[in-house]
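Grab a pencil and work through these exercises one at a time. Try each task yourself before you read its solution.

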Amino acid sequence: MKRRSAWLFVLLLLWILGGVSSSYAEVNDLRPGQWSGGGGIGFLSMTPDGVAEFAFNGHADYFVGRRLSVGPLAQYAGVGNDVLFGVSAQAKVWWDLPGSRNQARLVAQGGIGFVRAGIKDSDGSGTADTYGSFLIPIGVGLDYAVNRRVAVTADVLVNFTSLGDTVRAGGREFDLHTNVMPGLYLGVRF
């Protein structure tokens, strides 16, 4: 399942990047009607099995205004007992950092979508359960244009889901239906 999910993520990322490559502009050109896209690698922590997962993301941005873009964000993590794949529709607000001559930007983003998780049983039985949930990723990042066509990015995302767990406390069981999964991604934008 992990190998199949990884291939699906790679195909989705190539499709996103292929779609934006035909009409993209320079990375500093944030005019309405322009496309941009990219991807990153990093870590996603506090997953349902409690470990940090190696993760990938891919995104496409369509600029509806000089400082506002919308587009899809895909996230994949799958090294430990979890295989997580999430897709969301994101809105991003871009601010030029003073003194950077439009090379460095602060980017705030938020969105809504869904996440699918395959969680392998840790007792050695080899069984896996599949869960689905809403996904609300919010975050902030830095975008720095290294030349006219490529920018490097650093994003911190906090993913809110209902992939929670059952916890015993004070002799009672509580269902935690919100899971907060922070992530850090380093990447590129074209």
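**Exercise 1. A bridge across the sequence**

Find the salt-bridge partner of Arg-148, and work out which parts of the chain the pair connects.

*Solution.* Keep in mind that you are looking at a predicted model.

Step 1: Look around the side chain of Arg-148. Its salt-bridge partner is Glu-26, and the closest N and O atoms are 2.9 Å apart. A salt bridge needs a Lys or Arg nitrogen within 4 Å of an Asp or Glu carboxyl oxygen, so this pair qualifies.

Step 2: Place both residues. Arg-148 sits in the loop between E6 and strand E7 (151–161), while Glu-26 sits in the loop between helix H1 (2–21) and strand E1 (35–44), so the bridge ties together parts that are 122 residues apart in sequence.

Step 3: Check how open each residue is. Arg-148 has a relative accessible area of 52% and is exposed. Glu-26, at 32%, is partly exposed.

Step 4: Put the pair in context. The structure holds five salt bridges. As a general idea, side chains of opposite charge can pair when their charged atoms come close.

**Exercise 2. A network of charges**

Which residues are linked with Asp-96 in a network of salt bridges?

*Solution.* Step 1: Start at Asp-96 and look for Arg-67. These two form a salt bridge, with 3.4 Å between the closest N and O atoms. Asp-96 lies in strand E4 and Arg-67 in the loop between E2 and E3, so the pair joins parts that are 29 residues apart in sequence.

Step 2: Now look from Asp-96 to Arg-105. Their side chains also meet in a salt bridge, at 2.8 Å from N to O.

Step 3: Join the two results. Arg-67, Asp-96 and Arg-105 are linked in a network of salt bridges.

Step 4: Compare accessibility with the cut-offs. Asp-96, at 22%, is partly exposed, and Arg-67, at 34%, is partly exposed too. Arg-105 has a relative accessible area of 0%, so Arg-105 falls under the 20% limit and is buried.

**Exercise 3. The surroundings of a buried arginine**

Say where Arg-105 lies and which residues touch Arg-105.

*Solution.* Step 1: Find the element. Arg-105 belongs to strand E5 (residues 104–120).

Step 2: List neighbours, leaving out residues up to four places away in sequence. Among those touching Arg-105 are Val-27, Asn-28 and Leu-30, as well as Trp-94, Trp-95, Asp-96 and Leu-97. Further along the chain, the contacts include Gly-141, Leu-142, Asp-143 and Arg-189.

Step 3: Pick out the polar partner. The side chains of Arg-105 and Asp-96 share a polar contact of 2.8 Å.

**Exercise 4. Strands side by side**

In which sense do E1 and E2 run, and how many bridges join them?

*Solution.* Step 1: Count the elements. The protein has one helix and 10 strands.

Step 2: Follow E1 and E2. They run antiparallel, joined by 10 bridges. For one bridge, go to Gly-38: the partner in E2 is His-59.

Step 3: Move on to E2 and E3. This pair is antiparallel with eight bridges, and in E3 the bridge partner of Phe-56 is Tyr-76. E2 and E3 form a hairpin with two residues between them.

**Exercise 5. A nonpolar patch**

Which elements give two or more residues to the nonpolar patch on the surface?

*Solution.* Step 1: Locate the patch. Its members include Val-64, Leu-68, Val-93, Trp-95, Leu-142 and Leu-186, and the whole patch has about 930 Å² of accessible area.

Step 2: Assign elements. Strand E3 (68–77), strand E4 (82–96), strand E6 (128–145) and strand E10 (179–189) each give two or more residues.

Step 3: Look at one member. Val-64 lies in strand E2 (residues 53–65) and is partly exposed, with a relative accessible area of 44%.

**Exercise 6. Zooming out**

What share of the residues counts as buried, and what share of the accessible area comes from carbon and sulfur atoms?

*Solution.* Step 1: Of the 190 residues, 39% count as buried. Ile-119 in strand E5 is one example: its relative accessibility is 18%, so it counts as buried.

Step 2: The protein exposes about 10000 Å², and carbon and sulfur atoms supply 64% of that area.

Methods: Residues numbered from 1 in each chain as written. Predicted model: local features only at pLDDT ≥ 70, side-chain atom pairs only at ≥ 80, totals over all residues. Heavy atoms only, no water. Patch = residues over 30% accessible without salt bridge, like charges linked within 9 Å, V, L, I, M, F, W, Y side chains within 5 Å. Areas by Shrake-Rupley, 256 points an atom, 1.4 Å probe, with all protein chains shown as cover. Helix = DSSP H or I, 4+ residues; strand = E, 2+ residues; numbered from the N terminus. Buried < 20%, exposed > 50% of the residue type's maximum accessible area, 1.4 Å probe, protein only. Polar contact = N/O pair within 3.5 Å; in protein donor to acceptor, adjacent residues only side chain to side chain. Contact = heavy atoms within 4.5 Å. Pairing = 2+ DSSP bridges.
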